[in-house]
Amino acid sequence: MSTSTTASVSTHILDTSVGRPAEGVAVHLSARAGREAAWQELGGSATDADGRCKDLPALPEGTTHVRLDFAVEPYFEKSANQQADAQQDAPANRDSGAFFPEVAITFAVEAGEHYHVPLLLNPFGYSVYRGS
């Protein structure tokens, strides 16, 4: 939860190729205080059955930039055969089922604000936005 001296972050993933939440995707959270500062890895979580990470670590005071790293390749490896069968134009055999094996999203934050960053994901692309 954000306070007047920190920001807070939440995320969820929707697999748009099947129209369902992406369960079991590892998400790592890093932060830095200033553009030139080194990244500090804060920890991580995994998405639940609703595609949400409910236990991401709190951001330290002074955080100005946040990076969310989504390890999507294992998710697509697990479900590649199911998704290829469901998509008539998808290749039946793929190494991992994902063109992008990982997704890294970096964004600026301000103290006192909450940032919800949804990831809309499919095997060949993704989109992110600041949610509410």
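# Exercises on a predicted model

Phe99, Phe100, Phe124, Tyr126 and Val128 make up a nonpolar surface patch whose accessible area is together about 480 Å². The model is predicted: local features need pLDDT of at least 70 and side-chain atom pairs count only at pLDDT 80 or more, while totals for chains, interfaces and linings use all residues. Residues are numbered from 1 along each chain as its sequence is written, and side-chain values use heavy atoms, with hydrogens and water left out.

## Exercise 1. The patch

Place Phe100 in the chain and state whether it is buried, partly exposed or exposed.

Step 1. A patch takes residues with over 30% relative accessible area and no salt bridge; nonpolar side chains (Val, Leu, Ile, Met, Phe, Trp, Tyr) are joined within 5 Å, like charges within 9 Å. Accessible areas come from the Shrake-Rupley method with a 1.4 Å probe, and for residues only the protein chains shown count as cover.

Step 2. Phe100 lies in the loop between α1 (73–86) and β7.

Step 3. Buried means under 20% relative accessible area, exposed means over 50%, and partly exposed is in between (1.4 Å probe, protein chains only). Phe100 has 31% relative accessibility, so it counts as partly exposed.

## Exercise 2. The overall make-up

Give the number of helices and strands, their order, and the totals for burial, contacts and surface.

Step 1. Helices (H or I, at least four residues) and strands (E, at least two) are DSSP runs, numbered from the N terminus. The protein has one helix and nine strands, and from the N terminus on they run β-β-β-β-β-β-α-β-β-β.

Step 2. Of the 132 residues in the protein, 39% are buried.

Step 3. A contact means heavy atoms within 4.5 Å. Among contacts with a separation of 6 or more, 65% are between residues 24 or more positions apart.

Step 4. The protein exposes about 7,500 Å², and carbon and sulfur atoms supply 47% of that area.

## Exercise 3. The four-stranded sheet

Find the strand order of the open sheet and explain why β4 and β7 each have one side without a neighbour.

Step 1. Two strands pair if DSSP finds at least two bridges between them. Four strands form the open sheet, in the order β4-β3-β6-β7, with antiparallel pairing.

Step 2. β4 (40–46) and β7 (103–108) are at the edges and each has a single partner strand, so one side of each lacks a neighbour in the sheet.

Step 3. On average, neighbouring strands here are turned by 20° against each other, direction ignored. Axes are lines fitted to C-alpha atoms, for helices over the stretch in contact, and angles run from 0 to 180 degrees between N-to-C directions.

Step 4. Strand β3 (residues 26–32) is joined to β4 by six bridges, and the two run antiparallel. Alanine 31 has glutamine 40 in β4 as its bridge partner.

Step 5. Serine 30 also belongs to strand β3. Its relative accessible area is 4%, so serine 30 is buried. Leaving out residues up to four places away in sequence, serine 30 touches Trp39, Gln40, Glu41, Leu42, His65, Val66 and Arg67.

## Exercise 4. The pairings of β8

Determine which strands β8 is joined to and in which direction each pair runs.

Step 1. Eight bridges connect strand β1 (residues 8–15) with strand β8 (residues 114–122), and this pair is parallel. Histidine 12 has proline 118 in β8 as its bridge partner.

Step 2. Four bridges connect β8 with strand β9 (residues 125–128), and this pair is antiparallel. Leucine 119 has valine 128 in β9 as its bridge partner.

Step 3. β8 and β9 are joined by a hairpin through two residues.

## Exercise 5. Salt bridges

State how many salt bridges the whole structure holds, and describe three of them with the accessibility of their residues.

Step 1. A salt bridge is a side-chain nitrogen of Lys or Arg within 4 Å of a carboxyl oxygen of Asp or Glu. Four are found in the whole structure.

Step 2. Lysine 54 and aspartate 48 meet at 3.7 Å, N to O. Lysine 54 is exposed at 67% relative accessible area, while aspartate 48 is partly exposed at 24%.

Step 3. Arginine 67 and aspartate 69 meet at 3.3 Å, N to O. Arginine 67 is partly exposed at 22%, and aspartate 69 is partly exposed at 23%.

Step 4. In the salt bridge of glutamate 113 with arginine 130, the closest N and O atoms are 3.3 Å apart. This pair links distant parts of the chain, 17 residues apart: glutamate 113 is in the loop between β7 and β8, and arginine 130 is in the segment after β9. Glutamate 113 is partly exposed at 35%, and arginine 130 is partly exposed at 49%.
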